[in-house]
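Thanks for coming. I will walk through one structure this morning, taking the helix contacts before the overall picture. Please have the sequence and the 3D view open.

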Amino acid sequence: MFVVAVVATAGFAVAAIGLFINAYRMSVANAAAPLDAESVQAYETAQAKLLDGTGPADDRALGGEPGRNERANKLGATRTSISDAMAQVTQAVQKGEWTPVRLNQAQVEILDRLDMGGVTPEAILAAVQTPTELTAGQATFTANCAACHGANGNGLVGPNLTDKYWIHGQGPTEVYKVISKGVAAKGMPPWTHLGEEKMKQVAAYVLSIKGKNLEGKAPQGVDENGNPPPSTNDG
Ligand code: HEC
């Protein structure tokens, strides 16, 4: 059972990363200056460490954050697929198809995908459009989240999820990651024990109530342009 799940996850990761790489390469066909040899070398060293599991847990060279490489390394079953994807990236870098900034974004996105296991941003967005998924997500929300985020998501201890301001970002990836990992320092628990399906559904439900602007807890965070709410003085 577990082995089947691991193999299925690995297969999914291969497909997801492959799709992503192709889409990404097409979108940067006209990229500007290539990386210099030293940067390519640093990048390759960092990626080799990631693949053999000796990279530091906090590897800035890979656009990393604390613990991220550790988590990627635990997904040993997907290492071949990561290796393939990164080989493609390296080739593109050497041909001068990718700029350093885009390379860094690509790294972050690949690692985001790993963090998300078998759930893709596309799957979450598809669930937002699927009434049965939203109904299931709402049930999960009522059972687990309403105590802190309010019955309608309008906020109590936890932030109001219906306004346009977000502390951790408003995209499907950001919302899913906050739900799966939690924010230990601020009292938002991690929800991995719900399983990927339920986390996907509840993330979709959260995205579906975004913008309803229900009266409740005062807005926190920033809007999609990075601007804070008009009249707050919290940092
Ligand atoms: C024990 C209280 C508590 C529970 C239960 C809880 N949350 Fe939270 N949640 C918080 C707090 C507090 C924050 C704010 C974290 C911060 O300030 O960084 C938060 C933040 C969030 C955010 C990010 C909001 C933003 O502005 O970026 C999302 C999304 C979220 N929670 C979803 C959920 C979901 C879905 C559930 C149920 C599966 C849930 N939460 C259950 C307390 C809770």
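Let me start with a pair of helices, α6 and α9, whose axes cross at roughly 95° and come within 9 Å of each other. That angle makes α6 roughly perpendicular to α9. On the α6 side the contact is made by Pro121, Ile124 and Leu125, and on the α9 side by Pro172, Thr173 and Tyr176. Sorted by class, the contact of α6 with α9 has 5 nonpolar residues, 1 polar residue and no charged ones.

Before going on, I should say that this is a predicted model. Everything here is computed from that prediction.

Next is α10. Helix α6, which covers residues 121–128, packs against α10 with the two axes 8 Å apart and an angle of about 60°. That makes α6 oblique to α10. The crossing of α6 past α10 is right-handed. Here α6 brings Ala123, Ile124, Ala127 and Val128, while α10 brings Lys200, Gln201, Ala203, Ala204, Leu207 and Ser208. The classes in the contact of α6 with α10 are 7 nonpolar, 2 polar and 1 charged. Ile124 is worth finding on your screens: Ile124 meets residues of α10, and Ile124 is also in the contact with α9.

Now the remaining pair among these helices. How do α9 and α10 lie relative to each other? Helix α9 is residues 172–181 and helix α10 is residues 196–209; their axes come within 9 Å and cross at roughly 125°. The two are therefore oblique to each other. As α9 passes α10, the crossing is right-handed. From α9, the residues in contact are Pro172, Val175, Tyr176, Ile179 and Ser180, and from α10 they are Met199, Val202, Ala203, Val206 and Leu207. By class, this contact of α9 with α10 has 9 nonpolar residues, 1 polar residue and no charged residues. Pro172 and Tyr176 meet α10 here, and Pro172 and Tyr176 also appear in the contact with α6. On α10, Ala203 and Leu207 meet α9, and Ala203 and Leu207 meet α6 as well.

Let me step back to the whole chain. The protein has 10 helices and 0 strands. Read from the N terminus, the elements run α-α-α-α-α-α-α-α-α-α. There are 235 residues, of which 31% count as buried. Among contacts with a separation of 6 or more, 72% are between residues 24 or more positions apart.

There is also a ligand. Which residues come nearest to the ligand? Of the 25 residues around the ligand, the nearest are Cys145, Cys148, Gly158, Lys186 and Met188. The helices α7, residues 131–144, and α8, residues 146–149, each supply at least two residues of the shell, and so do α9 and α10. The shell has 18 nonpolar, 6 polar and 1 charged residues.

A few single residues next, starting with α7. Gln138 lies in helix α7. Is Gln138 buried or exposed? Gln138 has 21 other C-beta atoms within 10 Å, so Gln138 is buried. Along the chain, Gln138 and Ser208 are 70 residues apart, yet their C-alpha atoms are separated by 9.9 Å. Ser208 was one of the α10 residues that meet α6.

Thr142 is also placed in helix α7. Thr142 has 14 C-beta neighbours inside 10 Å, so Thr142 counts as partly exposed. From Thr142 to Val202 the distance is 9.8 Å, C-alpha to C-alpha, across 60 residues of sequence. Val202 came up earlier, in the contact of α10 with α9.

Finally, the segment after α10. Asn213 is placed there. The phi of Asn213 is near 50°, a positive value in a residue other than glycine. Most residues other than glycine have a negative phi. Asn213 counts as partly exposed, because 13 C-beta neighbours are inside 10 Å.

Ser231 lies in the segment after α10 too. With 7 C-beta neighbours inside 10 Å, Ser231 counts as exposed. Ser231 and Pro219 are 12 residues apart along the chain, and 9.5 Å separates their C-alpha atoms.

That is the end of the tour. I will take questions now.

Terms used: Residues are numbered from 1 along each chain as its sequence is written. This is a predicted model: local features need pLDDT of at least 70, side-chain atom pairs count only at pLDDT 80 or more; totals for chains, interfaces and linings use all residues. Axes are lines fitted to C-alpha atoms, for helices over the stretch in contact, and angles run from 0 to 180 degrees between N-to-C directions. Helices (H or I, at least four residues) and strands (E, at least two) are DSSP runs, numbered from the N terminus. Angles under 35 degrees count as roughly parallel, over 145 as roughly antiparallel, 65 to 115 as roughly perpendicular and the rest as oblique. A crossing is left-handed if the near helix is turned anticlockwise from the far one by less than a right angle, and right-handed if clockwise. Two residues are in contact if their C-beta atoms, placed from the backbone, lie within 7 Å. Ala, Val, Leu, Ile, Met, Phe, Trp, Tyr, Cys and Pro count as nonpolar, Asp, Glu, Lys and Arg as charged, and the others, Gly among them, as polar. A residue is buried if 20 or more other C-beta atoms lie within 10 Å of its own, exposed if 12 or fewer, and partly exposed in between; C-beta atoms are placed from the backbone. A residue is near a molecule or strand if its C-beta atom, placed from the backbone, lies within 6 Å of it.
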